[in-house]
Amino acid sequence: GEVFWSDGIFAIHGLSQIEYSPGDTNVSEFFHPEDRAEFDHHLTSAIEHGEGFELQLRLLRPDGQLCHVLVKGDVFRDKTGARTSGVFGIFQDITEKVRADAMLAESEERTRMVLDTIVDGVLTFDRDGIIDSCNPACSNIMGYEAEELSGEHVRILFTGDQWEKYERRLVPVGQEKFEPILGKTMELSG
């Protein structure tokens, strides 16, 4: 069948309409070698079985630049509905999102490494007082494993008298949610 590209698809591929005519080569040739078989499999399945697809793949542009794309394929059927008459594809450049996600993951890993090695106990909880995480030092200080604390209310770390004392510091009068206590130090006997 015929292949048509929008100006946006040319731009994502790093090509111009003068340099390239869709249909001259197999479109999968533009993908990273490790991604070609996956694309070919889904495109073949779309054509033969009428199954749409959505994939995150890597494109290799003619200048050697790697581009991450979200590729969606929708299938059109003939009038009888029995045969695939075409596949409509959408490409979205998600390179910056992929890079930002990778940077965030690296930052989270560095933060986790710091929290796992410092001697101070660090406990995080949400606005409702439900514990999200605690570092190994906090686990050691409190006598709980991190898994035991995760999902529990922070009050399990206090005795009855302690909780009443600290609850007033955590909950503003008239409100039921916890306020941020970043930068505040509370000492608990454990």
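## The β1–β2 hairpin

In the hairpin of β1 and β2, 5 residues lie between the strands, and glycine 64 there takes a positive phi near 90 degrees. The model is predicted: local features need pLDDT of at least 70, side-chain atom pairs count only at pLDDT 80 or more, and totals for chains, interfaces and linings use all residues. Residues are numbered from 1 along each chain as its sequence is written, and side-chain values use heavy atoms, with hydrogens and water left out. Helices (H or I, at least four residues) and strands (E, at least two) are DSSP runs, numbered from the N terminus.

Strand β1 covers residues 53-60, and β2 covers residues 66-77. The two pair in the antiparallel sense over 8 bridges, where pairing requires that DSSP finds at least two bridges between the strands. Leucine 55 has valine 71 of β2 as its bridge partner. The side chains of β1 alternate: Phe53, Leu55, Leu57 and Leu59 point to one face and are buried, whereas Glu54, Gln56, Arg58 and Leu60 point to the other and are not. Buried means under 20% relative accessible area, exposed means over 50%, and partly exposed is in between (1.4 Å probe, protein chains only).

## Overall make-up

The protein has 6 helices and 5 strands. From the N terminus on, its elements run α-α-β-β-β-α-β-β-α-α-α. Of its 190 residues, 28% count as buried.

About 12900 Å² of the protein is exposed, and carbon and sulfur atoms supply 51% of that area. Accessible areas come from the Shrake-Rupley method with a 1.4 Å probe; for residues, only the protein chains shown count as cover. Among contacts between residues at least 6 apart in sequence, 35% join residues at least 24 apart; a contact means heavy atoms within 4.5 Å.

## Helix α2

Helix α2 takes in residues 33-49, which makes 17 residues. From its first C-alpha to its last it reaches 25 Å, close to the 24 Å expected at 1.5 Å a residue; the expected span is 1.5 Å times one less than the number of residues. After α2 comes glycine 50, with a positive phi near 70 degrees.

Asp35, Phe39, Ser45 and Ala46 are the buried residues of α2. Seen down the helix axis, these buried residues fall within an arc of 130 degrees, so they line one face of α2. The arc is that of the directions from the helix axis to the C-beta atoms. An α-helix has 3.6 residues a turn, so residues three or four places apart point the same way. The buried residues of α2 pack against β1, β2 and β3 (84-93). On the face turned away from the buried side, α2 carries the exposed residues Ala37, His41 and Glu48.

## Histidine 68

Histidine 68 is located in strand β2. It counts as buried because its relative accessibility is 17%. Leaving aside neighbours within four places in sequence, histidine 68 is in contact with Leu57, Arg58, Gln92, Asp93, Ile94, Thr95 and Val98.

## The β4–β5 hairpin and the residues around it

Strand β4 (123-125) and strand β5 (residues 131-134) pair in the antiparallel sense over 3 bridges. Leucine 123 stands opposite cysteine 134 in β5. This hairpin has 5 residues between the strands, and glycine 129 takes a positive phi near 85 degrees.

Isoleucine 118 sits in the loop between α3 (95-117) and β4. With a relative accessible area of 30%, isoleucine 118 is partly exposed. Not counting residues up to four places away in sequence, isoleucine 118 touches Asn135 and Ala137. Its C-alpha is 7.2 Å from that of alanine 137, although the two are 19 residues apart along the chain. Proline 136 belongs to helix α4 (residues 136-142) and is partly exposed, at a relative accessible area of 44%. Leaving aside neighbours within four places in sequence, proline 136 is in contact with Leu115 and Asp116. The C-alpha atoms of proline 136 and leucine 115, 21 residues apart along the chain, are separated by 8.0 Å.

## Cysteines

The structure contains 0 disulfides, a disulfide being a pair of cysteine sulfur atoms within 2.5 Å. Cysteine 138 is in no disulfide, and its nearest cysteine sulfur, that of cysteine 134, is 4.4 Å away. Cysteine 138 counts as buried at 4% relative accessibility. Cysteine 67 also counts as buried, at 0% relative accessibility.
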